[in-house]
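Reader: I am new to this structure and would like a close look at a single part of it. Please take your time and show how that part sits within the whole.

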Amino acid sequence: TRLIMPSSNDQPCSVSIQQSFSLPGKDVIVHTLDKSNCAEVMLGLDELEVKKPAPGDFSYSGMHDQGPLPSLKEGGEISLLLGCLQQARLRSDQLLTETIEAEKANGSISKDTSKRQKRDS
C-alpha cells in the first residue's frame with residue numbers, strides 16, 4: 001500500500017492510495033483508491049462549549065492559557081485519506097478472506113490450521 005500525492009506545489013493536493021497484492025499462482029491485484037471511489041470520513045465532532053478545564057482534566061476543552069483555540073475542522077484531505085484507508089482495509093480483508101476460504105475448499109489448509117492462525121494473530 002502506498003500513498004500518492006502530487007509532487008508540484010501548483011497542483012491541488014489530492015489523496016490516492018494504491019494497493020498491490022501479489023499472491024502465489026495469481027496475477028498481481030492492484031486497487032487504486034481516491035475521491036472517485038471513496039467517501040470522506042466525518043468524525044462527527046460536536047460543537048464544543050469552550051470553557052476552562054478543571055485542574056487535572058486533560059480532555060480537549062477548546063481553551064488554551066491565553067484564550068480560546070480555533071474550532072475543530074472536518075472534511076478535506078485528511079478526511080478523504082481516512083476514507084481511503086478504511087476502504088483499503090475492507091478490500092484487503094475481503095481478498096484475504098476469499099483466499100483463505102478458497103484454500104480451505106481446495107484442501108490446501110485445514111480448518112484446525114486456520115483456527116490456530118486466527119488465535120495467534
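**A helix and its surroundings**

Author: D93 and R89 both lie in helix α1, four residues apart, which is about one turn of the helix. The model is a predicted one, and helix α1, which covers residues 77-106, is the part I will follow here. For orientation, the protein has two helices and five strands, and along the sequence these follow the pattern β-β-β-β-β-α-α.

The pair just named is a good place to begin, for the side chains of D93 and R89 meet in a salt bridge, with 3.8 Å from N to O. The two partners differ in how open they are: R89 counts as exposed because its relative accessibility is 60%, over the 50% that the term requires, whereas D93, at 38%, counts as partly exposed. In general, side chains of opposite charge can pair when their charged atoms come close. Further along the helix, E101 forms a salt bridge with K104, and here too the closest N and O atoms are 3.8 Å apart. E101 and K104 both lie in helix α1, three residues apart, again described as about one turn of the helix. Both are partly exposed, E101 with a relative accessible area of 43% and K104 with 25%. The count of salt bridges comes to two.

Helix α1 also takes part in the nonpolar interior. The largest nonpolar core has seven residues, namely V15, I17, L33, C38, L80, C84 and A88, and the largest share of this core, three residues, comes from α1. In soluble globular proteins, nonpolar side chains tend to be buried together. One member of the core, L80, touches V15, D34, K35, C38 and E40, if residues up to four places away in sequence are not counted.

Another member of the core, A88, has a polar link through its backbone, since its backbone oxygen lies 2.9 Å from a polar atom of the side chain of Q19. Q19 has its place in strand β2, which covers residues 16-21, and Q19 is buried because its relative accessible area is 3%, under the 20% limit for that term.

A loop residue, N37, can be placed in relation to the helix as well. N37 lies in the loop between β3 (29-33) and β4 (63-64), and N37 and C84, although 47 residues apart in sequence, are 8.5 Å apart in space from C-alpha to C-alpha. With neighbours within four places in sequence left aside, N37 is in contact with T32 and R91, and the side chain of N37 reaches the backbone oxygen of T32 at 2.9 Å. N37 itself is partly exposed, with a relative accessible area of 31%.

At the surface, finally, L43, I78, L82 and L85 make a nonpolar patch of about 380 Å². L85 lies in helix α1 and counts as partly exposed, at 42% relative accessibility.

To set this part against the whole, buried residues make up 20% of the 121 residues in the protein, and the accessible surface comes to about 9600 Å², of which 52% belongs to carbon and sulfur atoms. Among the contacts with a separation of 6 or more, residues 24 or more positions apart account for 45%.

Methods
Residues are numbered from 1 along each chain as its sequence is written. This is a predicted model: local features need pLDDT of at least 70, side-chain atom pairs count only at pLDDT 80 or more; totals for chains, interfaces and linings use all residues. Side-chain values use heavy atoms; hydrogens and water are left out. Patches are made of residues with over 30% relative accessible area and no salt bridge: like charges are joined within 9 Å, nonpolar side chains (Val, Leu, Ile, Met, Phe, Trp, Tyr) within 5 Å. Accessible areas come from the Shrake-Rupley method with a 1.4 Å probe; for residues, only the protein chains shown count as cover. A salt bridge is a side-chain nitrogen of Lys or Arg within 4 Å of a carboxyl oxygen of Asp or Glu. Buried means under 20% relative accessible area, exposed over 50%, partly exposed in between (1.4 Å probe, protein chains only). Contact means heavy atoms within 4.5 Å. A polar contact is a pair of N or O atoms within 3.5 Å; within protein, one must be able to donate a hydrogen and the other to accept it, and residues adjacent in sequence count only if both atoms are side-chain atoms. A nonpolar core is a set of buried Ala, Val, Leu, Ile, Met, Phe, Trp, Tyr and Cys residues joined through side-chain atoms within 4.5 Å.
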